[in-house]
Each structure stands twice: as C-alpha cells, then as structure tokens.
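Let's take a walk through a protein model together. Have a look at the chain below, turn it around a few times, and then read on.

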Amino acid sequence: MRTLKELKKRGVHKSLVNEAFKGIEGNTRSTEGKIRYNGAVVTGTADELKRFQDLTFIRASVLGATIDKY
C-alpha cells in the first residue's frame, strides 16, 4: 500500500495504480490497508516443483506445459 501511495503521489503509472486501488478497495477481505493474499502462482519444471508436493497449505495445483515458438 505504501508503494502504491508513493507511485500515486509521484504520478507514475497513474492508470495502473488507480486500477490497483480499485481492486483493493473492492476486496472485502482487505482491512485497514492490509491485503490478505488469496493465492500465488509458482512456476518451474516438474522436478523443481516436486519440493512443494507434500506441503499441507497447498489447496490445489495444476501442472501444465509450455512450448518454445517454432
């Protein structure tokens, strides 16, 4: 929040900052300027992600694939 307020004050990335504030203000789970994180995206190879396999706080996961441009 502090960073967003500073960016707004400086006028940097004005439209993006305003969109971020709109999202935060519309989030009923945020209180007193503190944001509650609802999730995260973690990327890596299948071998790299194996270390997260048995963690109890992971509720769902999806293993996908990407390809290089041809």
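Is Glu-19 buried, partly exposed or exposed? With a relative accessible area of 48%, Glu-19 comes out as partly exposed. Since the cut-off for "exposed" is over 50%, Glu-19 at 48% stays in the middle class. Keep in mind as we go that what you are looking at is a predicted model.

Glu-19 is a handy place to start, as this residue has a partner. Glu-19 forms a salt bridge with Lys-22, and their closest N and O atoms are 3.1 Å apart. Why can these two find each other? Both sit in helix α2, which covers residues 14-25, and being three residues apart there puts about one helical turn between them. Lys-22 itself has 53% relative accessibility, so this residue counts as exposed.

Now let's step back and take in the whole chain. The protein chain has three helices and zero strands, so if you read along from the N terminus the elements simply go α-α-α. There are 70 residues in the protein chain, and buried ones make up 7% of them. As for the surface, the chain exposes about 7200 Å², with carbon and sulfur atoms supplying 53% of that area.

Back to the salt bridges, of which the structure holds four. We have met the one in α2, so let's go to helix α1, residues 2-10. Here the side chains of Arg-10 and Glu-6 meet in a salt bridge, 2.9 Å from N to O. The spacing is again a matter of the helix: Arg-10 and Glu-6 are four residues apart in α1, and therefore about one helical turn separates them. How open are the two partners to the outside? Arg-10 counts as exposed, at 60% relative accessibility, while Glu-6 is partly exposed, with a relative accessible area of 30%.

Further along the chain, Lys-50 and Asp-47 bring their side chains together in another salt bridge, this one at 3.5 Å from N to O. Lys-50 and Asp-47 are both exposed. And there is a little network to spot too: salt bridges that share partners link Glu-6, Lys-9 and Arg-10 into one group.

Next, how do α1 and the parts around it sit relative to α2? A few pairs of residues give you a feel for that. Leu-7 lies in helix α1 and is partly exposed, with a relative accessible area of 26%. Leu-7 and Val-17 are 10 residues apart in sequence, and their C-alpha atoms are 7.2 Å apart in space. You can also try Leu-7 with Asn-18: that pair is 11 residues apart in sequence and 10.0 Å apart from C-alpha to C-alpha. Asn-18 has its place in helix α2 and, at 30% relative accessibility, counts as partly exposed.

The start of the chain is worth a look as well. Met-1 is found in the segment before α1, and its relative accessible area of 28% makes Met-1 partly exposed. Counting along the sequence, Met-1 and Phe-21 are 20 residues apart, yet from C-alpha to C-alpha they are 8.7 Å apart in space.

What about empty space? Rolling a probe the size of a water molecule over the atoms shows where room is left. The largest pocket found here has a volume of about 840 Å³. It is lined by 23 residues, and the closest to its centre are Val-42, Leu-49, Ala-60, Ser-61 and Val-62. Sorted by character, the lining of this pocket divides into 13 nonpolar, eight polar and two charged residues.

Let's finish on the surface. Which residues make the nonpolar surface patch of about 270 Å²? Leu-55, Phe-57 and Ile-58 do. Leu-55 belongs to the segment after α3, the helix of residues 46-49. With a relative accessible area of 32%, Leu-55 is partly exposed. A residue needs over 30% to be part of a patch, and Leu-55, at 32%, clears that bar.

Conventions. Residues numbered from 1 in each chain as written. Predicted model: local features only at pLDDT ≥ 70, side-chain atom pairs only at ≥ 80, totals over all residues. Heavy atoms only, no water. 1 Å grid on protein atoms, 1.4 Å probe; cavity = no way out; pocket = protein on both sides within 12 Å on 5 of 7 lines; lining within 4 Å. Points joined across faces, edges and corners; volume = space filled by probe spheres on them. Nonpolar A, V, L, I, M, F, W, Y, C, P; charged D, E, K, R; others polar. Helix = DSSP H or I, 4+ residues; strand = E, 2+ residues; numbered from the N terminus. Buried < 20%, exposed > 50% of the residue type's maximum accessible area, 1.4 Å probe, protein only. Patch = residues over 30% accessible without salt bridge, like charges linked within 9 Å, V, L, I, M, F, W, Y side chains within 5 Å. Areas by Shrake-Rupley, 256 points an atom, 1.4 Å probe, with all protein chains shown as cover.
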